[in-house]
Structures are given as structure tokens and as C-alpha cells.
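Subject: Structure handover

Hello,

Here is the structure I said I would pass on. My notes on it follow below.

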Amino acid sequence: MKKACVIGWPIAHSRSPLIHNYWLKKYGIDSVYEKKAVEPESVAQFIVNLASSEFIGCNVTIPHKGAAFRAIAKTDEIARRLGAVNTVYLKGGVVCGTNTDGEGFIASLQYAHPSFDLKNITAIVIGAGGAAKAIIGALLDEGVEKIGIINRTRERIHDLQVQFGSGVYETSEANSDTALKSCGLLVNTTSQGMEGQPSLELEIQSLNPDALVADIVYTPLETAFLAKARQQGNPVLGGLGMLLHQAVRGFELWFGVRPEVTAELYELIASGVQKAHKQ
Ligand code: ATR
């Protein structure tokens, strides 16, 4: 039996098994998707030996995405751009790596807001870490014209400018009003607003009323930041959709079926998040 798994350290809270095992059952595939706790010093070995293991592929989560990238000889352009791999698969017995975080964000946005047009808009991204990089790259690929970055550590914005060019620039939080007026999309890619983390305090009264406000945080399902945006009339996008949509390509690569993200799957995972939230 071909098995797949998610590796991380720790891994107990991963919701990927719920997603993939739901699809395995739905499509009648005789397999199982497991959680596997892999210590940082064992990541490279786990991946290099994948072809001779019980697994045909895996997802990679925090904190192993960079280590997985460095261990894999055959990565694609998207993984190389990010220096991070979240999906590992075998092709002709060779271990290959890609990264589906950016496409997961775009697919989630298009699923929830099908008529929203990214072409030639200006976006503002809060954060400059790995998630920001994945989303910025994907937005530029989709035709977003300019992306202002708000981040606590300014040097990281500079690194993104070097990588992505003049379409990416710094937006200062203190002077963000003008930028917010003209932006079409505002995305939080930081952990601010996540359970147990400080909330995101950005003022958004001056935000263009048509701007879509997105958050990649999904615990809680709606952050205080998104609730504020929704209450002032802006369209919003929570983070759970990105988690579901980033899983699609891995499943397809391992099992040969492109799985569908449905309202039923969303409800299944959302109810698990809500239950954990109440505990
Ligand atoms: P990931 O790969 O998940 O994006 P990361 O690379 O650690 O994680 O990046 C986290 C991002 O959240 C960074 O932009 C970080 O800001 P810094 O670059 O200044 O570190 C941002 N972030 C996390 N916690 C924050 C907080 N309490 N206040 C402001 N920014 C925060």
C-alpha cells in the first residue's frame, strides 16, 4: 500500500491527515496519510531515503521546509525561489520537491471570490517571512502590479526587494493611510492574531472599501483583524482555505487524482479548529 505523511517537529497539531484521509476515503483510494514526527537532525536522511521507505511522498511543515529544500536535488523553480519545500514526491524513483503555499493562497482566493481580479492591482502584504515570500511570488505571477510590504524588521523588506524587484517596496505602518486608500488587496502573512500570539493592530479605517482583506491565520477561523475588516464592509478571506488548497497538488502527485476542495471538507476541518479553540 502506498502511504503518504506529513513531517514536522512537533507534528501533533497538524490538520493535514484529516484533509488527505478525507480525500482518500472520498475517492476510494486504499491508502493512509500519517503524521510523522521527525527531529531536525533526521530530516535530510528521511527525505533522501524516501524511495526505499513505506512512503511515496510527504508534506513538510514547520520547522523543516528549508531543510527539506536543501536535502532534495530535484526541486522546481517555485521551491528554489522560496528556498523551501512543502511537498515531496517520487518521479521515476527520484525524490522531487515543490512548494504549493503560494498557489494555495491564490486558489483559496479564487474559490471564495471568483470575480476578484488580481491583474494590475496594488496589494499590501503584512510580514516578510517565508509565508510572505510565497504569497508575494504568487501574486506577482498572477499579474499584481505593485506590492507594498509592512514589516517590523525593515531589512527583510529589502531582501524581498532584491529578490522580486521594483514592484515590491516598503510601506511604513505610520504612513499607511494613502497606501490603504489605493490598495485592492491587504494580506496578513504574520502570526499576529493567531491564538496565543499578540493581535494585529494595524488601523484600516482609510482602507479602500472594495479592498479584499485576507489573513493566513486560521486559529481562530476569523481573526480580530478580519472581523474588523468585515464589520467595516470589506470583503474578507480567512486562512483555512489556503491550508486546504495547498494540499491539492501533493495528493494529485501521490495518488493521481486531483482532489476537490468542497464546502463539506471546509466544514469538517473548520469544526475541528472550533472544537480545539473551545478547549
Ligand atoms: P513564516 O515562514 O511562517 O512566514 P517567519 O519567517 O518567522 O515565519 O516570518 C514571520 C513574520 O511574522 C515576519 O514578518 C515577522 O516579522 P519580523 O520579520 O520583524 O520578525 C512577523 N511577526 C511575527 N510575530 C510578530 C509580532 N509580534 N509583531 C510583528 N511582526 C511579527
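A word on terms before the notes: contact here means heavy atoms within 4.5 Å, and the angle between two elements is taken between their N-to-C directions, from 0 to 180 degrees. Please also keep in mind that this is a predicted model.

The parallel sheet

One open sheet is made of 6 strands in the order S9-S8-S7-S10-S11-S12, with parallel pairing. Strand S9 (168-170) and strand S12 (236-237) are at its edges; each has a single partner strand, so one side of each has no neighbour in the sheet. The partner strand S11 covers residues 212-215, and S11 and S12 are paired in the parallel sense over 2 bridges. At one position, Val213 has Val236 in S12 as its bridge partner.

Helix H9, residues 224-231, lies across four of these strands: S7 (122-126), S10 (185-188), S11 and S12. Helix H9 runs at about 165° to S11.

The mixed sheet

Another open sheet also has 6 strands, in the order S2-S1-S3-S5-S6-S4, and its pairing is mixed. Its edges are strand S2 (32-37) and strand S4 (74-75), each with a single partner strand, so one side of each is left without a neighbour in the sheet. S4 is joined by 2 bridges to strand S6 (residues 94-98), and the two run parallel. Lys74 stands opposite Cys96 in S6.

Two helices lie across this sheet's strands. Helix H1 (residues 16-26) crosses strand S1 (3-8), S2 and strand S3 (55-60), and runs at about 165° to S2. Helix H11 (residues 248-255) lies across S1, S2, S3, strand S5 (87-91) and S6, and its angle to S5 is about 20°.

The ligand

Which residues come nearest to the ligand? Of the 13 residues around the ligand, they are Ala128, Asn151, Arg152, Thr153 and Arg156. By class, the shell holds 3 nonpolar, 8 polar and 2 charged residues.

Oxygen atoms of the ligand also lie close to polar atoms of the protein in these pairs:

- a polar backbone atom of Gly130, at 3.1 Å from a ligand oxygen
- a polar backbone atom of Ala131, at 3.0 Å from a ligand oxygen
- an N or O atom in the side chain of Thr153, at 2.4 Å from a ligand oxygen

On its own the ligand has 640 Å² of accessible area, and the protein covers 68% of that.

Regards

Definitions and conventions. Residues are numbered from 1 along each chain as its sequence is written. This is a predicted model: local features need pLDDT of at least 70, side-chain atom pairs count only at pLDDT 80 or more; totals for chains, interfaces and linings use all residues. Side-chain values use heavy atoms; hydrogens and water are left out. Two strands pair if DSSP finds at least two bridges between them. Helices (H or I, at least four residues) and strands (E, at least two) are DSSP runs, numbered from the N terminus. A residue is near a molecule or strand if one of its heavy atoms lies within 4 Å of it. A polar contact is a pair of N or O atoms within 3.5 Å; within protein, one must be able to donate a hydrogen and the other to accept it, and residues adjacent in sequence count only if both atoms are side-chain atoms. Accessible areas come from the Shrake-Rupley method with a 1.4 Å probe; for residues, only the protein chains shown count as cover. Ala, Val, Leu, Ile, Met, Phe, Trp, Tyr, Cys and Pro count as nonpolar, Asp, Glu, Lys and Arg as charged, and the others, Gly among them, as polar.
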